[in-house]
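Let us take a walk through this protein together, from the overall fold down to single side chains. Keep the view open as you read, and turn it whenever a new element comes up.

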Amino acid sequence: MEGGWPLEGGVLLCLIVSLLLPGRSNTFTINCSGFDQHGVDPAAFQTIFNQKDFRPVINYSIPTQVNISFTLSAILEVDEQLQLLTSFLWLKLIWKNPFISWDPEECGALSKLTVTTENLWLPDIFIVESMDVDQTPEGLSAYVTNDGRITYNKPMRVTSTCSLDIFYFPFDQQNCTLTFSSFLYTVENMLLGMEKEVWEIVDTSRDVVRTQGEWELLGINKATPKMSVGSSLFDQIMFYVAIRRRPSLYVINLLVPSSFLIAIDALSFYLPAESENRAPFKITLLLGYNVFLLMMNKLLPASGTPLISVYFALCLSLMVVSLLETIFITYLLHLATTQPPPMPRWLHSLLLYWASPRKCCPTALWKENVGPGLTPTHLPRPKEPGQLVGKELGPRQAELNGDSGLTSTQLADLWVQFGHMMDTFLFRLYLLFLASSIITVIILWNT
(Lines give C-alpha, C1' and ligand atoms only; values in the text may rest on other atoms or scores of the structure.)
Protein backbone atom coordinates (compact mmCIF):
# COMPACT_ATOMS: atom_id res chain seq x y z
CA MET A 1 0.00 0.00 0.00
CA GLU A 2 1.20 3.47 -0.70
CA GLY A 3 0.14 7.07 -0.51
CA GLY A 4 0.32 10.07 1.83
CA TRP A 5 -1.75 11.20 4.80
CA PRO A 6 -3.12 14.84 5.08
CA LEU A 7 -2.14 16.37 8.39
CA GLU A 8 -4.12 19.60 8.09
CA GLY A 9 -7.53 20.66 6.83
CA GLY A 10 -10.36 18.62 5.39
CA VAL A 11 -13.24 16.84 6.94
CA LEU A 12 -12.28 13.84 9.03
CA LEU A 13 -14.05 10.64 8.06
CA CYS A 14 -13.84 7.54 10.11
CA LEU A 15 -13.18 3.86 9.45
CA ILE A 16 -14.54 1.87 12.38
CA VAL A 17 -12.72 -1.36 13.10
CA SER A 18 -13.95 -3.40 16.02
CA LEU A 19 -11.65 -5.79 17.82
CA LEU A 20 -13.79 -8.04 19.95
CA LEU A 21 -11.69 -10.52 21.83
CA PRO A 22 -12.96 -13.00 24.42
CA GLY A 23 -13.30 -11.18 27.71
CA ARG A 24 -12.95 -7.65 26.35
CA SER A 25 -14.09 -5.31 23.62
CA ASN A 26 -11.95 -2.60 22.04
CA THR A 27 -12.90 -0.09 19.37
CA PHE A 28 -10.53 2.28 17.67
CA THR A 29 -11.01 4.83 14.89
CA ILE A 30 -8.84 5.24 11.81
CA ASN A 31 -8.79 8.55 9.99
CA CYS A 32 -9.37 7.73 6.31
CA SER A 33 -9.72 11.24 4.96
CA GLY A 34 -8.17 11.48 1.51
CA PHE A 35 -7.91 7.74 0.85
CA ASP A 36 -9.47 8.28 -2.58
CA GLN A 37 -7.14 11.17 -3.39
CA HIS A 38 -3.80 10.54 -1.72
CA GLY A 39 -3.81 6.79 -1.19
CA VAL A 40 -4.09 4.69 1.93
CA ASP A 41 -1.98 5.33 4.99
CA PRO A 42 -0.44 2.00 6.14
CA ALA A 43 -0.58 3.16 9.72
CA ALA A 44 -4.37 3.21 9.53
CA PHE A 45 -4.42 -0.59 9.45
CA GLN A 46 -1.48 -1.24 11.69
CA THR A 47 -3.62 -2.50 14.55
CA ILE A 48 -5.14 -5.13 12.25
CA PHE A 49 -1.75 -6.03 10.85
CA ASN A 50 -0.53 -6.69 14.36
CA GLN A 51 -3.19 -9.41 14.69
CA LYS A 52 -1.99 -11.39 11.63
CA ASP A 53 -0.57 -14.17 13.79
CA PHE A 54 -4.02 -15.07 15.13
CA ARG A 55 -7.03 -16.57 13.42
CA PRO A 56 -9.44 -13.66 12.77
CA VAL A 57 -12.59 -14.67 14.68
CA ILE A 58 -14.69 -12.95 17.31
CA ASN A 59 -15.32 -16.21 19.13
CA TYR A 60 -12.67 -18.92 18.93
CA SER A 61 -15.32 -21.61 19.20
CA ILE A 62 -16.58 -20.57 15.73
CA PRO A 63 -14.57 -22.12 12.83
CA THR A 64 -13.33 -19.98 10.00
CA GLN A 65 -14.99 -20.71 6.65
CA VAL A 66 -12.48 -20.82 3.79
CA ASN A 67 -13.82 -21.22 0.26
CA ILE A 68 -11.53 -22.79 -2.34
CA SER A 69 -11.36 -22.58 -6.10
CA PHE A 70 -8.60 -23.14 -8.62
CA THR A 71 -7.85 -22.95 -12.30
CA LEU A 72 -5.77 -25.67 -13.94
CA SER A 73 -3.86 -23.65 -16.51
CA ALA A 74 -1.31 -26.24 -17.69
CA ILE A 75 -0.42 -29.92 -17.50
CA LEU A 76 3.35 -29.73 -17.65
CA GLU A 77 4.53 -33.32 -17.26
CA VAL A 78 3.40 -36.82 -16.41
CA ASP A 79 6.23 -39.04 -15.16
CA GLU A 80 5.14 -42.66 -15.51
CA GLN A 81 8.28 -44.03 -13.86
CA LEU A 82 8.05 -41.88 -10.72
CA GLN A 83 4.21 -41.77 -10.80
CA LEU A 84 4.15 -37.96 -10.65
CA LEU A 85 1.94 -35.30 -12.21
CA THR A 86 3.32 -31.79 -12.64
CA SER A 87 0.72 -29.09 -13.21
CA PHE A 88 0.32 -25.34 -12.86
CA LEU A 89 -2.59 -23.97 -10.83
CA TRP A 90 -4.03 -20.62 -9.86
CA LEU A 91 -5.37 -21.18 -6.37
CA LYS A 92 -8.07 -18.88 -5.05
CA LEU A 93 -8.87 -18.68 -1.32
CA ILE A 94 -11.68 -16.58 0.16
CA TRP A 95 -12.39 -16.00 3.86
CA LYS A 96 -13.72 -13.25 6.07
CA ASN A 97 -12.04 -11.12 8.71
CA PRO A 98 -14.81 -9.90 11.05
CA PHE A 99 -12.57 -7.14 12.43
CA ILE A 100 -12.44 -5.28 9.11
CA SER A 101 -15.41 -3.17 8.08
CA TRP A 102 -15.99 0.36 6.87
CA ASP A 103 -18.61 2.47 5.17
CA PRO A 104 -17.52 3.14 1.57
CA GLU A 105 -19.54 6.35 1.46
CA GLU A 106 -17.51 7.80 4.32
CA CYS A 107 -14.23 6.92 2.61
CA GLY A 108 -14.72 8.37 -0.86
CA ALA A 109 -16.64 5.35 -2.25
CA LEU A 110 -13.64 3.13 -1.50
CA SER A 111 -14.93 -0.44 -1.22
CA LYS A 112 -11.87 -2.56 -2.00
CA LEU A 113 -8.19 -2.42 -1.13
CA THR A 114 -5.13 -4.51 -2.00
CA VAL A 115 -3.01 -5.55 0.94
CA THR A 116 0.26 -7.48 0.84
CA THR A 117 -0.21 -10.96 2.24
CA GLU A 118 2.66 -10.55 4.69
CA ASN A 119 0.36 -8.24 6.67
CA LEU A 120 -2.60 -10.65 6.78
CA TRP A 121 -3.48 -13.91 8.44
CA LEU A 122 -3.48 -16.65 5.75
CA PRO A 123 -5.09 -20.09 5.98
CA ASP A 124 -2.52 -22.88 5.79
CA ILE A 125 -4.13 -24.69 2.87
CA PHE A 126 -1.88 -27.25 1.19
CA ILE A 127 -2.23 -30.09 -1.33
CA VAL A 128 -1.92 -33.47 0.37
CA GLU A 129 -0.44 -35.22 -2.70
CA SER A 130 2.19 -32.53 -3.29
CA MET A 131 5.80 -33.73 -3.28
CA ASP A 132 7.42 -30.29 -3.43
CA VAL A 133 7.92 -27.54 -0.89
CA ASP A 134 5.54 -24.63 -1.44
CA GLN A 135 7.37 -22.18 -3.70
CA THR A 136 4.80 -19.38 -3.65
CA PRO A 137 6.52 -16.15 -4.76
CA GLU A 138 6.89 -13.43 -2.19
CA GLY A 139 5.21 -10.03 -2.32
CA LEU A 140 1.75 -11.23 -3.39
CA SER A 141 -1.30 -9.18 -2.46
CA ALA A 142 -4.88 -9.95 -1.53
CA TYR A 143 -8.10 -8.03 -2.05
CA VAL A 144 -9.84 -6.76 1.08
CA THR A 145 -13.40 -5.48 0.78
CA ASN A 146 -15.26 -3.11 3.08
CA ASP A 147 -17.16 -6.00 4.71
CA GLY A 148 -13.96 -7.88 5.63
CA ARG A 149 -13.99 -10.35 2.75
CA ILE A 150 -10.45 -11.32 1.74
CA THR A 151 -9.65 -12.85 -1.66
CA TYR A 152 -6.21 -14.35 -2.14
CA ASN A 153 -4.94 -15.67 -5.48
CA LYS A 154 -1.61 -17.38 -5.84
CA PRO A 155 0.15 -19.33 -8.63
CA MET A 156 1.32 -22.84 -7.82
CA ARG A 157 3.53 -25.28 -9.68
CA VAL A 158 2.40 -28.57 -8.18
CA THR A 159 4.24 -31.89 -8.46
CA SER A 160 1.83 -34.41 -7.00
CA THR A 161 1.70 -38.17 -6.70
CA CYS A 162 -0.68 -39.94 -9.06
CA SER A 163 -1.43 -43.61 -9.57
CA LEU A 164 -0.77 -43.97 -13.29
CA ASP A 165 -2.05 -46.92 -15.32
CA ILE A 166 -0.10 -47.06 -18.58
CA PHE A 167 -1.40 -50.37 -19.91
CA TYR A 168 -3.33 -48.66 -22.73
CA PHE A 169 -0.48 -46.29 -23.64
CA PRO A 170 -0.67 -44.17 -25.81
CA PHE A 171 -4.48 -44.24 -25.57
CA ASP A 172 -4.50 -43.99 -21.79
CA GLN A 173 -6.59 -41.81 -19.52
CA GLN A 174 -5.38 -40.94 -16.05
CA ASN A 175 -7.28 -39.91 -12.94
CA CYS A 176 -5.24 -37.91 -10.46
CA THR A 177 -6.36 -36.36 -7.20
CA LEU A 178 -5.66 -32.94 -5.71
CA THR A 179 -6.71 -32.87 -2.07
CA PHE A 180 -6.85 -29.49 -0.35
CA SER A 181 -6.69 -29.51 3.43
CA SER A 182 -5.36 -27.58 6.40
CA PHE A 183 -2.12 -28.64 7.97
CA LEU A 184 -2.87 -27.16 11.41
CA TYR A 185 -6.56 -26.38 11.86
CA THR A 186 -9.06 -29.13 12.59
CA VAL A 187 -12.78 -29.00 11.82
CA GLU A 188 -13.31 -27.13 15.10
CA ASN A 189 -11.20 -24.27 13.76
CA MET A 190 -11.57 -24.32 9.96
CA LEU A 191 -14.15 -25.52 7.45
CA LEU A 192 -13.55 -25.71 3.70
CA GLY A 193 -16.11 -24.89 1.05
CA MET A 194 -16.40 -24.27 -2.69
CA GLU A 195 -16.08 -20.77 -4.05
CA LYS A 196 -17.75 -21.85 -7.32
CA GLU A 197 -19.19 -24.98 -8.87
CA VAL A 198 -17.00 -27.72 -10.29
CA TRP A 199 -18.32 -27.25 -13.83
CA GLU A 200 -17.24 -23.62 -13.67
CA ILE A 201 -13.73 -24.71 -12.66
CA VAL A 202 -13.62 -27.12 -15.63
CA ASP A 203 -14.85 -24.52 -18.13
CA THR A 204 -12.41 -21.89 -16.85
CA SER A 205 -9.51 -24.33 -16.92
CA ARG A 206 -10.22 -25.33 -20.51
CA ASP A 207 -10.45 -21.69 -21.55
CA VAL A 208 -7.10 -20.68 -20.07
CA VAL A 209 -5.01 -23.76 -20.81
CA ARG A 210 -1.73 -22.47 -22.21
CA THR A 211 -0.23 -25.72 -23.46
CA GLN A 212 -1.32 -27.82 -26.41
CA GLY A 213 1.05 -30.60 -25.52
CA GLU A 214 0.66 -34.26 -24.83
CA TRP A 215 -2.25 -34.11 -22.36
CA GLU A 216 -5.73 -32.64 -22.41
CA LEU A 217 -8.21 -32.05 -19.60
CA LEU A 218 -11.30 -34.26 -19.67
CA GLY A 219 -13.10 -33.23 -16.50
CA ILE A 220 -12.96 -32.61 -12.76
CA ASN A 221 -15.09 -34.09 -9.99
CA LYS A 222 -14.99 -33.49 -6.26
CA ALA A 223 -15.59 -35.19 -2.95
CA THR A 224 -15.57 -33.84 0.59
CA PRO A 225 -14.36 -36.57 2.94
CA LYS A 226 -12.93 -35.86 6.38
CA MET A 227 -9.34 -36.80 7.16
CA SER A 228 -8.71 -38.39 10.53
CA VAL A 229 -5.23 -38.13 12.05
CA GLY A 230 -5.18 -39.73 15.46
CA SER A 231 -7.89 -38.05 17.51
CA SER A 232 -7.97 -34.98 15.22
CA LEU A 233 -10.39 -34.55 12.32
CA PHE A 234 -9.49 -32.29 9.40
CA ASP A 235 -11.78 -30.94 6.71
CA GLN A 236 -10.68 -31.43 3.12
CA ILE A 237 -11.87 -31.15 -0.47
CA MET A 238 -10.69 -33.79 -2.93
CA PHE A 239 -10.70 -33.03 -6.66
CA TYR A 240 -10.48 -35.87 -9.19
CA VAL A 241 -8.74 -34.58 -12.30
CA ALA A 242 -9.26 -36.71 -15.43
CA ILE A 243 -6.72 -36.20 -18.22
CA ARG A 244 -6.17 -37.95 -21.54
CA ARG A 245 -3.05 -38.37 -23.64
CA ARG A 246 -3.09 -37.14 -27.22
CA PRO A 247 -2.01 -40.29 -29.14
CA SER A 248 -1.24 -38.75 -32.55
CA LEU A 249 2.50 -38.44 -31.93
CA TYR A 250 2.84 -42.09 -30.93
CA VAL A 251 0.57 -43.44 -33.67
CA ILE A 252 2.58 -41.64 -36.36
CA ASN A 253 6.02 -42.41 -34.94
CA LEU A 254 5.47 -45.90 -33.51
CA LEU A 255 2.42 -47.77 -34.79
CA VAL A 256 2.43 -46.70 -38.44
CA PRO A 257 6.11 -47.56 -39.19
CA SER A 258 5.79 -50.85 -37.32
CA SER A 259 2.67 -51.79 -39.29
CA PHE A 260 4.41 -50.95 -42.58
CA LEU A 261 7.35 -53.21 -41.75
CA ILE A 262 5.02 -56.07 -40.78
CA ALA A 263 2.99 -55.61 -43.98
CA ILE A 264 6.16 -55.71 -46.11
CA ASP A 265 7.28 -58.84 -44.29
CA ALA A 266 3.90 -60.44 -45.01
CA LEU A 267 4.21 -59.61 -48.71
CA SER A 268 7.60 -61.30 -48.78
CA PHE A 269 5.75 -64.63 -48.72
CA TYR A 270 5.02 -64.05 -52.42
CA LEU A 271 8.71 -64.40 -53.13
CA PRO A 272 9.61 -67.96 -54.25
CA ALA A 273 10.86 -69.98 -51.30
CA GLU A 274 13.80 -71.35 -53.28
CA SER A 275 14.82 -67.82 -54.27
CA GLU A 276 18.13 -66.68 -52.85
CA ASN A 277 16.63 -63.25 -52.08
CA ARG A 278 13.86 -64.25 -49.70
CA ALA A 279 15.87 -65.09 -46.58
CA PRO A 280 18.24 -62.07 -46.91
CA PHE A 281 15.21 -59.84 -47.44
CA LYS A 282 13.61 -61.07 -44.21
CA ILE A 283 16.90 -60.70 -42.33
CA THR A 284 17.17 -57.10 -43.52
CA LEU A 285 13.62 -56.37 -42.35
CA LEU A 286 14.32 -57.97 -38.98
CA LEU A 287 17.46 -55.88 -38.46
CA GLY A 288 15.64 -52.75 -39.58
CA TYR A 289 12.83 -53.43 -37.11
CA ASN A 290 15.31 -53.82 -34.26
CA VAL A 291 16.96 -50.51 -35.18
CA PHE A 292 13.51 -48.89 -35.28
CA LEU A 293 12.71 -50.18 -31.78
CA LEU A 294 16.02 -48.89 -30.42
CA MET A 295 15.46 -45.43 -31.90
CA MET A 296 11.87 -45.16 -30.69
CA ASN A 297 12.50 -46.63 -27.25
CA LYS A 298 12.68 -43.16 -25.68
CA LEU A 299 9.03 -42.57 -26.58
CA LEU A 300 7.89 -45.57 -24.55
CA PRO A 301 7.18 -45.45 -20.81
CA ALA A 302 10.24 -46.20 -18.71
CA SER A 303 8.31 -48.53 -16.39
CA GLY A 304 5.47 -51.01 -16.65
CA THR A 305 4.38 -53.11 -19.62
CA PRO A 306 1.96 -51.18 -21.82
CA LEU A 307 -0.11 -52.85 -24.52
CA ILE A 308 2.03 -51.28 -27.24
CA SER A 309 5.10 -53.10 -25.89
CA VAL A 310 3.20 -56.38 -26.21
CA TYR A 311 2.35 -55.39 -29.79
CA PHE A 312 6.00 -54.75 -30.61
CA ALA A 313 7.00 -58.06 -29.03
CA LEU A 314 4.42 -59.90 -31.15
CA CYS A 315 5.63 -58.14 -34.30
CA LEU A 316 9.22 -59.10 -33.57
CA SER A 317 8.19 -62.68 -32.80
CA LEU A 318 6.28 -62.98 -36.08
CA MET A 319 9.27 -61.75 -38.05
CA VAL A 320 11.61 -64.19 -36.28
CA VAL A 321 9.20 -67.11 -36.84
CA SER A 322 8.84 -66.09 -40.47
CA LEU A 323 12.61 -66.09 -40.94
CA LEU A 324 12.95 -69.50 -39.27
CA GLU A 325 10.14 -70.86 -41.46
CA THR A 326 11.91 -69.58 -44.57
CA ILE A 327 15.13 -71.31 -43.49
CA PHE A 328 13.22 -74.55 -42.86
CA ILE A 329 11.43 -74.42 -46.22
CA THR A 330 14.72 -73.78 -48.00
CA TYR A 331 16.14 -76.85 -46.26
CA LEU A 332 13.11 -78.96 -47.30
CA LEU A 333 13.44 -77.89 -50.91
CA HIS A 334 17.10 -78.84 -50.81
CA LEU A 335 16.17 -82.31 -49.51
CA ALA A 336 13.48 -82.64 -52.18
CA THR A 337 16.15 -82.25 -54.87
CA THR A 338 18.41 -84.90 -53.35
CA GLN A 339 16.71 -87.50 -51.16
CA PRO A 340 13.09 -86.70 -50.12
CA PRO A 341 12.48 -87.92 -46.57
CA PRO A 342 9.45 -90.17 -45.87
CA MET A 343 6.22 -88.38 -44.94
CA PRO A 344 4.12 -89.49 -41.93
CA ARG A 345 0.52 -90.50 -42.56
CA TRP A 346 -0.98 -87.70 -40.48
CA LEU A 347 0.97 -85.09 -42.44
CA HIS A 348 -0.09 -86.67 -45.72
CA SER A 349 -3.76 -86.52 -44.62
CA LEU A 350 -3.32 -82.90 -43.58
CA LEU A 351 -1.93 -82.04 -47.00
CA LEU A 352 -4.91 -83.68 -48.70
CA TYR A 353 -7.25 -81.55 -46.56
CA TRP A 354 -5.26 -78.45 -47.42
CA ALA A 355 -4.99 -79.24 -51.13
CA SER A 356 -7.70 -76.94 -52.52
CA PRO A 357 -6.29 -73.63 -53.86
CA ARG A 358 -7.11 -70.39 -51.98
CA LYS A 359 -7.26 -67.03 -53.58
CA CYS A 360 -5.53 -63.94 -52.26
CA CYS A 361 -2.83 -66.09 -50.71
CA PRO A 362 0.56 -67.44 -51.84
CA THR A 363 -1.22 -70.79 -52.52
CA ALA A 364 -2.30 -69.67 -55.97
CA LEU A 365 1.26 -68.84 -56.93
CA TRP A 366 2.43 -72.27 -55.87
CA LYS A 367 -0.49 -74.20 -57.42
CA GLU A 368 0.11 -72.69 -60.80
CA ASN A 369 3.51 -74.29 -60.82
CA VAL A 370 2.86 -77.56 -58.99
CA GLY A 371 0.96 -80.41 -60.68
CA PRO A 372 0.19 -83.97 -59.50
CA GLY A 373 3.15 -86.18 -60.14
CA LEU A 374 5.15 -83.33 -61.72
CA THR A 375 8.26 -81.60 -60.53
CA PRO A 376 7.25 -78.04 -59.53
CA THR A 377 8.79 -75.26 -61.55
CA HIS A 378 9.77 -73.47 -58.29
CA LEU A 379 11.72 -76.54 -57.24
CA PRO A 380 15.39 -76.57 -58.30
CA ARG A 381 16.31 -79.44 -60.57
CA PRO A 382 18.31 -82.28 -58.99
CA LYS A 383 22.03 -82.25 -59.45
CA GLU A 384 21.66 -85.63 -61.25
CA PRO A 385 18.33 -85.49 -63.07
CA GLY A 386 18.08 -89.22 -63.70
CA GLN A 387 18.82 -90.21 -60.15
CA LEU A 388 15.39 -89.68 -58.57
CA VAL A 389 12.79 -89.44 -61.32
CA GLY A 390 10.51 -92.48 -61.26
CA LYS A 391 12.41 -94.12 -58.44
CA GLU A 392 10.21 -96.30 -56.20
CA LEU A 393 10.36 -95.94 -52.44
CA GLY A 394 11.99 -98.57 -50.24
CA PRO A 395 9.98 -100.74 -47.78
CA ARG A 396 10.61 -98.42 -44.81
CA GLN A 397 9.61 -95.31 -46.78
CA ALA A 398 6.53 -97.03 -48.19
CA GLU A 399 5.46 -98.00 -44.68
CA LEU A 400 5.76 -94.39 -43.45
CA ASN A 401 3.76 -93.18 -46.43
CA GLY A 402 0.90 -95.61 -45.96
CA ASP A 403 1.99 -98.08 -48.62
CA SER A 404 0.88 -95.60 -51.24
CA GLY A 405 3.67 -96.50 -53.64
CA LEU A 406 4.69 -92.89 -54.24
CA THR A 407 7.71 -92.20 -56.37
CA SER A 408 10.47 -89.89 -55.23
CA THR A 409 9.17 -87.18 -57.54
CA GLN A 410 5.67 -87.41 -56.06
CA LEU A 411 7.10 -87.40 -52.55
CA ALA A 412 9.13 -84.31 -53.43
CA ASP A 413 5.88 -82.68 -54.61
CA LEU A 414 4.27 -83.45 -51.26
CA TRP A 415 7.09 -81.83 -49.33
CA VAL A 416 6.87 -78.80 -51.60
CA GLN A 417 3.14 -78.62 -50.86
CA PHE A 418 3.91 -78.89 -47.14
CA GLY A 419 6.23 -75.90 -47.46
CA HIS A 420 3.49 -74.05 -49.34
CA MET A 421 1.03 -74.91 -46.55
CA MET A 422 3.36 -73.41 -43.94
CA ASP A 423 3.77 -70.26 -46.04
CA THR A 424 0.02 -69.92 -46.41
CA PHE A 425 -0.59 -70.43 -42.71
CA LEU A 426 1.93 -67.78 -41.70
CA PHE A 427 0.65 -65.39 -44.36
CA ARG A 428 -2.89 -65.67 -43.03
CA LEU A 429 -1.57 -65.28 -39.49
CA TYR A 430 0.07 -62.01 -40.56
CA LEU A 431 -3.18 -60.79 -42.10
CA LEU A 432 -5.12 -61.69 -38.95
CA PHE A 433 -2.58 -59.92 -36.77
CA LEU A 434 -2.62 -56.76 -38.89
CA ALA A 435 -6.42 -56.66 -39.01
CA SER A 436 -6.68 -57.19 -35.24
CA SER A 437 -4.12 -54.45 -34.59
CA ILE A 438 -5.93 -51.93 -36.77
CA ILE A 439 -9.31 -52.70 -35.18
CA THR A 440 -7.80 -52.42 -31.68
CA VAL A 441 -6.22 -49.03 -32.45
CA ILE A 442 -9.52 -47.70 -33.85
CA ILE A 443 -11.48 -48.90 -30.81
CA LEU A 444 -8.98 -47.50 -28.28
CA TRP A 445 -8.73 -44.17 -30.12
CA ASN A 446 -12.50 -43.70 -30.15
CA THR A 447 -13.17 -44.92 -26.61
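A residue is called buried here when its relative accessible area is under 20%. Keep that cut-off in mind, and remember too that you are looking at a predicted model. With the cut-off in hand, here is a first pair to find: cysteine 162 and cysteine 176 are both buried.

These two cysteines are joined to each other by a disulfide, with an S to S distance of 1.9 Å. In general terms, a disulfide is a covalent bond between the sulfur atoms of two cysteines. The count for this model comes to one disulfide. Its torsion about the S-S bond, between cysteine 162 and cysteine 176, is about -85°, so the disulfide is left-handed. Where do the partners sit in the chain? Cysteine 162 is in the loop between strand 8 (149-161) and strand 9 (173-182), while cysteine 176 belongs to strand 9 itself, and 14 residues separate the pair.

Now step back for the wider view. The chain has 10 helices and 13 strands. Of its 447 residues, 43% count as buried. Among contacts with a separation of 6 or more, 75% are between residues 24 or more positions apart.

Valine 241 gives you a concrete case of such a pairing across the sequence. This valine lies in strand 13 (residues 232-245). Is valine 241 buried or exposed? Its relative accessible area is 3%, which is under 20%, so valine 241 is buried. Cysteine 176, the disulfide partner you have already met, is 65 residues from valine 241 in sequence, yet their C-alpha atoms are 5.2 Å apart in space. Leaving aside neighbours within four places in sequence, the contacts of valine 241 include Cys176 as well as Leu72, Gln174, Asn175 and Leu178. Leu217, Gly219 and Ile220 are also in contact with valine 241.

From the strands, move on to the helices, starting with helix 4 (residues 248-267). Helix 4 packs with helix 6 (residues 307-338) at an angle of about 20°, and their axes are 11 Å apart. Because of that angle, helix 4 counts as roughly parallel to helix 6. The crossing of the two is left-handed. On the helix 4 side, the contact is made by Leu254, Leu255, Ser258, Ser259, Ile262 and Asp265; helix 6 supplies Ile308, Tyr311, Phe312, Cys315, Met319 and Ser322. Sorted by class, this contact has eight nonpolar, three polar and one charged residues. One of the helix 6 residues to pick out is cysteine 315, which counts as buried because its relative accessibility is 0%.

Helix 4 has another partner, helix 5 (residues 278-296), and here the packing angle is about 170°, with the axes 10 Å apart. That angle makes helix 4 roughly antiparallel to helix 5. Helix 4 contributes Asn253, Leu254, Pro257, Ser258, Leu261, Ile264 and Asp265 to this contact, and helix 5 contributes Phe281, Lys282, Leu285, Tyr289, Phe292 and Met296. By class, the contact of helix 4 with helix 5 has nine nonpolar, two polar and two charged residues.

Our last stop is leucine 414, in helix 10 (residues 408-446). This leucine is buried, because its relative accessible area of 11% is under 20%. Leucine 414 and alanine 336 are 78 residues apart in sequence, and their C-alpha atoms lie 9.3 Å apart in space.

Key. Residues numbered from 1 in each chain as written. Predicted model: local features only at pLDDT ≥ 70, side-chain atom pairs only at ≥ 80, totals over all residues. Heavy atoms only, no water. Helix = DSSP H or I, 4+ residues; strand = E, 2+ residues; numbered from the N terminus. Buried < 20%, exposed > 50% of the residue type's maximum accessible area, 1.4 Å probe, protein only. Contact = heavy atoms within 4.5 Å. Axes fitted to C-alpha atoms, helices over the stretch in contact; angles between N-to-C directions. Parallel < 35°, antiparallel > 145°, perpendicular 65-115°, else oblique. Left-handed = near helix turned anticlockwise from the far one by under 90°. Nonpolar A, V, L, I, M, F, W, Y, C, P; charged D, E, K, R; others polar. Disulfide = S-S within 2.5 Å.
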